[in-house]
Amino acid sequence: MVTVSVRLPTVLRPAAGGQSKLSVAGAAVGDVVDRLIEDYPALESNLVDDEGSVRKFVNIYLNDEDIRFLESLETPLSEGDELAILPAVAGGQ
Amino acid sequence: MDRLHWLQMLAAAWDAYPLEGCGLLIGAPGGGRVERFVTIDNEAGSSRIYRLDGNQYARAALDADDEGLDVIGVMHSHTHTAAYPSPTDVAEATKPLVPPDWHWVIVSLAWGFPELHSFRIDAGGGIHEEPVGLSI
Ligand SMILES: [Zn+2]
């Protein structure tokens, strides 16, 4: 179990008591997501679907690397890692 | 926005052509004034759609946050249609997690000379053009 920092996008801060950066303990990215939802239930519907997978419009970055290109929620964490949650942005003409 | 940002956005559109170009507007949280424009690669590599390169986007957003700034909008180009949000653009703007107060800047290259327009897109998908003020 290590402690990492998690940065939340502007729109999710109200659901986390207005905080933009939190310290959360966990061994893998999924533990941190579970812990966030446990502490701030209002985050749940924004972050994961009914099956517990990260929603398509949510990107989670571990030290600037999209976790989809790592081991997704199973990605192991090291002390001091930085996680960031951001909305996915796309469009087309 | 400053003339510089306006020019940077037109340049980002031309530079990416024939693909769609895109970038982020950085400013004070919730504000309407652009402090910085950051060009982001179009991860989709397409002339019809854009997807902000995830790592560049994350870096730019976190750098802004470190400075007490925030992403306040997104610019992308339309290579062969008018500078007006498409149904896809509206669908993306109204997704959860995308702040409803973002500014959506579109640069059209369809008519030879680039045209830049800015819009707000409300939660119901309503499109509201807003004036773009240029300062030096
Ligand atoms: Zn578009």
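**Across which strands of chain A does helix α1 (residues 29–39) of chain A lie?**

Before the solution, some ground rules. This is a predicted model, where local features need pLDDT of at least 70, side-chain atom pairs count only at pLDDT 80 or more, and totals for chains, interfaces and linings use all residues. Residues are numbered from 1 along each chain as its sequence is written, chains are lettered from A and ligands numbered from 1 in the order in which they are written, and side-chain values use heavy atoms, with hydrogens and water left out.

*Solution.* Start with the vocabulary: helices (H or I, at least four residues) and strands (E, at least two) are DSSP runs, numbered from the N terminus. Contact means heavy atoms within 4.5 Å. Now find α1 of chain A: this helix lies across β1, β2, β3 (58–62) and β5 of chain A. Its direction is about 120° to β2(A); such angles run from 0 to 180 degrees between N-to-C directions, with axes fitted to C-alpha atoms, for helices over the stretch in contact.

**Work out the strand order of the sheet in chain A, and name its edges.**

*Solution.* Two strands pair if DSSP finds at least two bridges between them. Walking across chain A, you meet an open sheet of 5 strands in the order β2-β1-β5-β3-β4, with mixed pairing. Its edge strands are β2 (21–26) and β4 (65–66) of chain A, each pairing on one side only. Now look inside: β1(A) and β5 (residues 82–87) of chain A are parallel and share 3 bridges.

**Describe the surroundings of A:R7. Is this residue buried or exposed?**

*Solution.* Locate A:R7 in strand β1 (residues 2–7) of chain A. Its bridge partner in β5(A) is A:A84. Next comes accessibility: buried means under 20% relative accessible area, exposed over 50%, and partly exposed in between (1.4 Å probe, protein chains only). A:R7 counts as buried because its relative accessibility is 4%. Then list neighbours beyond four places in sequence: among them are A:E82 and A:I85 from chain A, and B:L62, B:D65 and B:D66 from chain B. Finally, a polar atom of the A:R7 side chain lies 3.1 Å from the backbone oxygen of B:L62.

To see which chain B helix meets the chain A sheet, look at α2(B): this helix lies across β1, β3, β4 and β5 of chain A, at about 105° to β5(A).

**Trace the sheet of chain B from edge to edge.**

*Solution.* The open sheet has 6 strands in the order β2-β1-β4-β5-β6-β7 (chain B), with mixed pairing. Its edge strands are β2 (34–40) and β7 (127–130) of chain B. Neighbouring strands are turned by 30° against each other on average, direction ignored. Begin at β2(B), which runs antiparallel to β1 (residues 22–27) of chain B, with 6 bridges between them; here B:L24 has B:V38 as its bridge partner.

Move on to β5(B) and β6(B), an antiparallel pair with 5 bridges. B:W104 stands opposite B:F119 in β6(B). Their hairpin has 6 residues between the strands, and B:G112 takes a positive phi near 90° there. End with β6(B) and β7(B), antiparallel over 4 bridges, where B:F119 has B:E129 as its bridge partner in β7(B).

**Which atoms coordinate the zinc ion?**

*Solution.* Donors are N, O and S atoms within 2.8 Å of the metal (3.2 Å for Na, K and Ca); water is not among the atoms, so sites may look incomplete. The zinc ion is coordinated by B:H76 (NE2), B:H78 (NE2), and B:D89 (OD) twice, at 2.0 to 2.6 Å. The donor residues are spaced H-x1-H-x10-D in sequence. B:H78 lies in strand β4 and B:D89 in helix α3 (residues 87–93) of chain B, so the pair ties together parts 11 residues apart in sequence. Both B:H78 and B:D89 are buried.

Now judge the geometry. Four donors count as tetrahedral if all angles lie between 85 and 135 degrees; four count as square planar and six as octahedral if opposite donors are over 155 degrees apart and all others between 65 and 115; anything else is irregular. The 4 donor atoms subtend angles of 55 to 162°, so the arrangement is irregular.

Definitions and conventions. A polar contact is a pair of N or O atoms within 3.5 Å; within protein, one must be able to donate a hydrogen and the other to accept it, and residues adjacent in sequence count only if both atoms are side-chain atoms.
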